[in-house]
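Work through the exercises below with the coordinates open. Each task is followed by a stepwise solution.

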Amino acid sequence: MTITEVPQTAAPDTPVSRPPTTVSGSAAPVSRTPRPVSPSPEFASEPVNGTGAKSSKPKLTGTQKGAIGTIVAAALVLAGIGLYLSFEHVAVFAFEELRFASLGKGQLFAVGVDVGIMVMIAVDLLMAWLKRPISWIRYPVWLLTGATVVLNAASGAPKGRGWELLDYVAAGAHGVVPVLFIMVVELGRTAIDRIVRPEQDERESIPWLRWVLAPVATARIFRRMRLWGVTSYPEMTRRDQQLLAYEQWLKRKYKGTDNGPTEDELLPTKMAPYGYTVEEALAMPAEQDQAAQERAEDAERRRLDAETRSEVAQAKSEAERLRAKGSVEAVRAEVDGQTGQARAHARAQVGAAERAAELEEKALETALVAEARAREAEAGRKEAQERETAAEADLRKAELERQAAQKRKDAAEADRVAAAEAQAVETAEIAEARQRAAEADRVAAETEKDAAETRRATAETNRRRAEEDRLQDVALADIARAKKDAAEADRVAAETRLAAAEIERRAVEIEDTAKLSSRERAIRKVARMALAAGLVPDGLAHEDIHHELCERITIADVQRKCEVSSTDTASKYRQEAVVLIADGYRLES
């Protein structure tokens with residue numbers, strides 16, 4: 001190996017553990033290797049269940065099941081023995097020494113402590129069986145068990161004399177059965193956890209011999225393993241050896257030179273207190289450069305997206321402006337048409353009124369002329385009557401004087417003939433006057449008819465205008481109602497989107513709390529998509545749920561929502577979502 005070569009690791013065959021997890025008080029990693037969106041192809045065909053774990057589990061044989069039943073029965077017997085032995089001692093000690101008011105209250109105290117221990121143990125085992133272990137619940141169990149041991153030991157303490165060796169043995173004997181029970185519970189919890197979660201990495205503990213030979217250095221290694229989440233002791237020692245070898249390599253590389261190590265070369269020693277290996281620390285600059293490049297690309301992409309959205313918004317605004325301008329032009333044309341129609345109606349009404357006034361004036365003039373002519377005819381008639389009276393008087397006089405001379409008779413006859421001719425002339429004039437009066441009446445009737453027709457046309461015009469106003473009001477009411485319905489629909493859609501976003505947020509919080517993998521999150525997202533699309537799985541068989549989900553959620557929808565490119569992976573997500581829904585997954589869960 002030359003002096004410029006990076007040394008090999010001290011333990012190359014040991015498995016490399018995952019990058020260190022973030023703990024309180026330690027700095028967060030600067031960058032992380034991006035994870036793939038979809039699973040790798042070699043694992044795509046493995047059958048998985050609704051929780052994302054492998055569905056194929058080793059089945060227990062009849063002998064193994066019998067052994068498990070025997071162990072459980074023995075554990076229950078051990079628990080009963082412990083409760084029986086400690087109950088009376090703790091109750092009496094609580095009554096006599098702890099100042100409980102009565103023996104019954106001391107017994108209730110003992111029962112409460114024992115029941116509390118059993119309840120927490122049952123919850124611990126149940127949550128481990130459901131793959132949701134609660135790590136902190138064991139510590140109250142240990143504390144209450146220790147309190148029970150102390151109370152049992154105190155109940156057997158000597159009174160009025162000093163402690164002897166047998167007293168210590170008796171006090172220790174009081175704690176044997178509770179300690180054995182706790183050990184059995186911890187063993188059962190670990191067994192259940194390994195059965196239901198076979199894929200979980202097993203923790204390789206530090207050998208006890210190292211604790212004896214190097215307690216201080218071993219304590220440091222134990223602390224770093226806990227802080228960095230390293231489960232393998234060989235991996236921890238490999239890291240220490242690799243860092244030590246790297247430091248020695250740097251010393252050899254720059255020995256005898258004026259230059260020292262660069263900042264990048266010193267990263268392994270600087271980042272070692274935060275759980276980084278030599279390879280991870282040396283890869284940090286390249287990862288940071290890549291992350292910076294990705295951030296710059298994302299910023300440029302967001303800028304282009306913003307410009308595109310701005311251009312689209314401007315185009316939409318221009319379209320809205322043109323649409324509004326067209327609406328204004330249409331309204332202006334409509335108003336101009338209505339104004340022209342109103343002007344035509346007004347002109348028609350004015351023309352009709354002028355014609356009616358002219359006809360009325362002509363009728364008035366005709367009536368005055370007819371009246372004057374009638375008065376003249378009446379005067380002529382009276383004058384004719386007077387002449388007729390005079391003629392009759394002359395006839396009577398002629399009758400009396402018939403015997404008079406012939407000249408007077410001829411003269412009287414001539415006068416009579418003349419009076420008759422005058423009377424005939426006057427009768428023709430009267431008839432002609434009556435005819436002219438009748439003609440005047442006819443013309444007046446026609447004038448009245450034209451005026452009535454004009455008034456009817458005006459009323460019809462007013463009625464049509466009122467009908468047009470009513471239709472316009474109805475149209476405006478319909479437009480307002482349509483706008484209100486559209487606003488209500490937008491509000492309902494907004495509330496629906498808000499509810500869907502709230503459901504998605506709660507689901508993401510639940511998934512973060514449960515620390516689900518990306519595959520489990522994707523399967524639950526597909527299930528929520530189907531339920532939000534109207535799938536009602538209650539009362540449906542597995543095949544019916546699969547059919548309903550396929551109708552509502554396509555492969556393309558799954559690829560888009562879960563950001564996967566493989567149709568096979570999307571199909572598996574959809575199938576596993578069917579299993580998850582059939583197992584009782586709902587939006588509220």
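**Exercise 1.** Which residue forms a salt bridge with glutamate 495, and how many Å apart are the closest N and O atoms?

Solution. This is a predicted model, so every value here is computed from predicted coordinates.
Step 1. The partner is arginine 491, with the closest N and O atoms 2.4 Å apart.
Step 2. Place the pair. Both residues lie in helix α11, four residues apart, about one turn of the helix.
Step 3. Check exposure. Glutamate 495 has a relative accessible area of 44% and is partly exposed. Arginine 491 is partly exposed too, with 38%.

**Exercise 2.** Find the salt-bridge partner of glutamate 460 and locate the pair.

Solution.
Step 1. Glutamate 460 pairs with arginine 463, the closest N and O atoms being 2.4 Å apart.
Step 2. The two are three residues apart in helix α11 (residues 406-514), so about one helical turn separates them.
Step 3. Glutamate 460 is partly exposed at 25% relative accessible area. Arginine 463 is partly exposed at 47%.

**Exercise 3.** Analyse the salt bridge of glutamate 265 with lysine 253. Which parts of the chain does this pair tie together?

Solution.
Step 1. The closest N and O atoms of glutamate 265 and lysine 253 are 2.7 Å apart.
Step 2. Glutamate 265 lies in the loop between α8 (233-253) and α9 (267-271), and lysine 253 lies in helix α8, so the pair ties together parts 12 residues apart in sequence.
Step 3. Apply the cut-off: buried means under 20% relative accessible area. Glutamate 265, at 13%, is therefore buried. Lysine 253, at 26%, is partly exposed.
Step 4. Put the pair in context. The count for the model comes to 27 salt bridges.

**Exercise 4.** Test the length of helix α5 against its expected span, then describe its packing.

Solution.
Step 1. Helix α5 covers residues 176-196, which is 21 residues.
Step 2. At 1.5 Å a residue, the helix should span 30 Å.
Step 3. The end C-alpha atoms are 30 Å apart, so the model agrees with the expectation.
Step 4. List the buried residues of α5: Val177, Pro178, Phe181, Ile182, Val185, Glu186, Arg189, Asp193 and Val196.
Step 5. These buried residues pack against α1 (62-96), α2 (103-129), α3 (138-155) and α4 (165-174).

**Exercise 5.** Is threonine 218 buried or exposed? Which residues does it contact beyond four places in sequence?

Solution.
Step 1. Threonine 218 sits in helix α7 (residues 215-228).
Step 2. Its relative accessible area is 0%, so threonine 218 is buried.
Step 3. With neighbours within four places in sequence left aside, threonine 218 is in contact with Ile206, Arg210 and Trp211.

**Exercise 6.** Identify the residues of the nonpolar surface patch and the helix that gives the most to it.

Solution.
Step 1. The patch is formed by Phe87, Val111, Val115, Val119 and Val123. Together they have about 350 Å² of accessible area.
Step 2. α2 gives the most, with four residues.
Step 3. Take one member. Valine 115 is in helix α2 and is partly exposed, at 44% relative accessible area.

**Exercise 7.** Where does the confidence of the model rise and fall?

Solution.
Step 1. The mean pLDDT of the protein chain is 77, and 83% of its residues reach 70 or more.
Step 2. Rank the elements. α8 has the highest mean pLDDT (90), and α4 the lowest (76).
Step 3. Flag residues 1-55, where pLDDT stays under 50. For this stretch the model has 81 contacts beyond four places in sequence.

Notes. Residues are numbered from 1 along each chain as its sequence is written. This is a predicted model: local features need pLDDT of at least 70, side-chain atom pairs count only at pLDDT 80 or more; totals for chains, interfaces and linings use all residues. Side-chain values use heavy atoms; hydrogens and water are left out. Buried means under 20% relative accessible area, exposed over 50%, partly exposed in between (1.4 Å probe, protein chains only). Contact means heavy atoms within 4.5 Å. A salt bridge is a side-chain nitrogen of Lys or Arg within 4 Å of a carboxyl oxygen of Asp or Glu. The expected span of a helix is 1.5 Å times one less than its number of residues. pLDDT is the predictor's confidence in each residue, from 0 to 100. Patches are made of residues with over 30% relative accessible area and no salt bridge: like charges are joined within 9 Å, nonpolar side chains (Val, Leu, Ile, Met, Phe, Trp, Tyr) within 5 Å. Accessible areas come from the Shrake-Rupley method with a 1.4 Å probe; for residues, only the protein chains shown count as cover.
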